[in-house]
Amino acid sequence: MLTVYLMVTLACVVCGHDLLQATMCVLGHAAWFATPENEWQTLFFRYIPDWIAVMNRRALTGYYEGTSNLFEIEHIQAWLTPVLAWLVFFSALAFSMMMLSVILRKQWIEHEKLSYPIILLPYEMTKDAGFYRNRLLWIGFAIGCGIDLLNGISFLYPYVPSIPIRHDIGILFTEKPLNAIGSTPIHLNPYAIGIGFLMPLDLSLSCWLFYLFWKVQLVFGAMTGMNQTPGYPHIDMQSTGAYFGLCFFALWITHKHLWQVTRNILGLKTNLDTTNEPMGYRSAFVGFLIGIAVVFGFCLKAGMSWWGVLGFFSIQFILVLAFTRMRAELGTPTMDFYRAGPGLFLTSLFGSRKIGAPTLTGFAFLYGFTRNYRSQPMPNQLEGFKLADRGGINVRQILWVMWGATVIGLIIGFVAFLHAGYLHGNLGTWRGQEAFSDLQRWLTLPNDTDWGRMGFFGFGITLTLTTLFMRLRFIWWQLHPLAYPLAGNWNFGRLWFPVFLAWVLKSILIRHGGIGAYRRTLPLFLGTMLGEFVMGSLWAILGLFLGQRMYSFKHW
């Protein structure tokens, strides 16, 4: 069951909203939406290779207008080469992340014993039958399932009363400067409270405190007039700085292990035991180089400069490593990082003027899987190794099963998205519009280094490293820097109050009942998560069969 779970997870993540789907919205966008007014054809069409995108407007007609069929010769011929090229690209990128996961596995799972909270529920469900005989589990299940059942019926039939779980206290603040806090949701989703209950106390405390810290910045900006500057408080750049700091810290505390791995790769004597590793470190390193070589070759063949490719994917892996570390420690259900990827960062750091049109055009096509970071496979890969470690699964076999599921998921995703596009038309075209509007702005209004944005980037690094120093130096310091960038994203605004409630409940339990009380109560919160996921899935499946919109418990 765990193997099936991992296969489905890895297949789904690469088909997600922020990887394959967003990329598919980019591939035909330039040709279809080019007009004499936007001058795209003059600006950058000559930098688009014919194998990386679909430039045949006739073949794109059905894709954007709908009521057509993918399985026509002209459509298949137009899409076959770009789809195969991107299939190789994403397979190689996921493979390089898998090899990096192999290198980090022992340190993060066996030595540091990171908690990986998000896998606890599937692990407990497959551990033994005793899990299902716990009375608290079914009480929690009834709460989570019952709320969604009643609210789902009320969604279909408004005269049926519902249980309100979504509120916004931001509307209560009408006077300056407090009205600057904007939307401040108070959501009471049972599953989110359950996930918050699994977090370590210092992390859940840090999450809601840093959420309030972001609100304080908005109020401060209104008091000082800084909110009149475009982009203030530059959540994207502060968060990027934080993720840089978190990645460097994660590598620093792993440096002894990485040194031993390096010696092993070079054939020198080490104290590493590779008996239970998915593969040898030398093979993993060679596999990582092969995957990166394919990715780099793809981009260089597309016309990007070598230093542009190197800078782009250096930043990409810094961000992915930071998010992977965050999931391993925090178990956050969202990793929102909207419009803050490598392309946008590099144009702020160096300016679009210095990067060059061919490389900027490449950034537009790579925008699909970097516009947000909710669909990166590496966090799921390391969670898979953690589940294999706890569940007694052969890690050498699960390695190839997970990567095979990733490739199969990509193939299914490409076909399914194209089929839906030709059937319904205009699927997520705003994502393509974002990519090429950025490219148009970079080429028509070239900029130099944006020192204002870089200042907020520096502030993010400084605050993160200061918080890390305080945690290492003072035992009483509870704030964890992982929560700083997480609390700033839009999606976490819907989760901060459930995490706060979970922190309050868990603190009371541990203070008055000890760790034993926490363990005895845990099935209640696992049950609320399971109940809401089950009922939410049933509503979604029913909506597919009936062809109509249903109640969505997630709401973000």
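Reader: Where is the place of Asn 426?
Author: In this predicted model, Asn 426 sits in the loop between helix H19, which spans 395-424, and H20.

Reader: And what is phi of Asn 426 near?
Author: Phi of Asn 426 is near 50°, which is a positive value in a residue other than glycine.

Reader: Is Asn 426 buried or exposed?
Author: Neither word applies, because its relative accessible area of 43% makes Asn 426 partly exposed, and that class lies between the cut-offs of under 20% for buried and over 50% for exposed.

Reader: Which other residue has a positive phi near 50°?
Author: His 234 has one, with phi near 50° in a residue other than glycine, and its place is in the loop between H10 and H11. Unlike the partly exposed Asn 426, His 234 is buried, since its relative accessible area is 9%.

Reader: What about the peptide bond from Tyr 232 to Pro 233?
Author: That peptide bond is cis, with omega near 5°, and Pro 233 belongs to the loop between helix H10 (201-224) and helix H11 (235-253), where His 234 is also placed.

Reader: Where does Pro 177 lie, and what is the peptide bond from Lys 176 like?
Author: Pro 177 is found in the loop between strand E1 (166-168) and strand E2 (185-187), and the bond leading to Pro 177 from Lys 176 is cis, with omega near 0°.

Reader: Back to H20: at what angle do H2 and H20 pack?
Author: Helix H2 (residues 20-27) packs against helix H20 (residues 429-444) at an angle of about 65°, the axes being 7 Å apart, and the crossing is right-handed.

Reader: Which residues in H2 and H20 meet?
Author: From H2 there are Gln 21, Ala 22, Cys 25 and Val 26, and they meet Arg 431, Gly 432, Ala 435 and Phe 436 of H20. Sorted by class, this contact has 5 nonpolar, 2 polar and 1 charged residues.

Reader: Changing topic, where is Gln 260, and is it buried or exposed?
Author: Gln 260 is in helix H12, which covers residues 255-265, and Gln 260 counts as buried because its relative accessibility is 18%, with the cut-off for buried at under 20%.

Reader: What does Gln 260 touch?
Author: Leaving aside residues up to four places away in sequence, Gln 260 touches Thr 270, Asn 271 and Leu 272. A polar atom of the Gln 260 side chain lies 3.4 Å from the backbone nitrogen of Asn 271.

How values were computed. Residues numbered from 1 in each chain as written. Predicted model: local features only at pLDDT ≥ 70, side-chain atom pairs only at ≥ 80, totals over all residues. Heavy atoms only, no water. Helix = DSSP H or I, 4+ residues; strand = E, 2+ residues; numbered from the N terminus. Buried < 20%, exposed > 50% of the residue type's maximum accessible area, 1.4 Å probe, protein only. Contact = heavy atoms within 4.5 Å. Polar contact = N/O pair within 3.5 Å; in protein donor to acceptor, adjacent residues only side chain to side chain. Axes fitted to C-alpha atoms, helices over the stretch in contact; angles between N-to-C directions. Left-handed = near helix turned anticlockwise from the far one by under 90°. Nonpolar A, V, L, I, M, F, W, Y, C, P; charged D, E, K, R; others polar.
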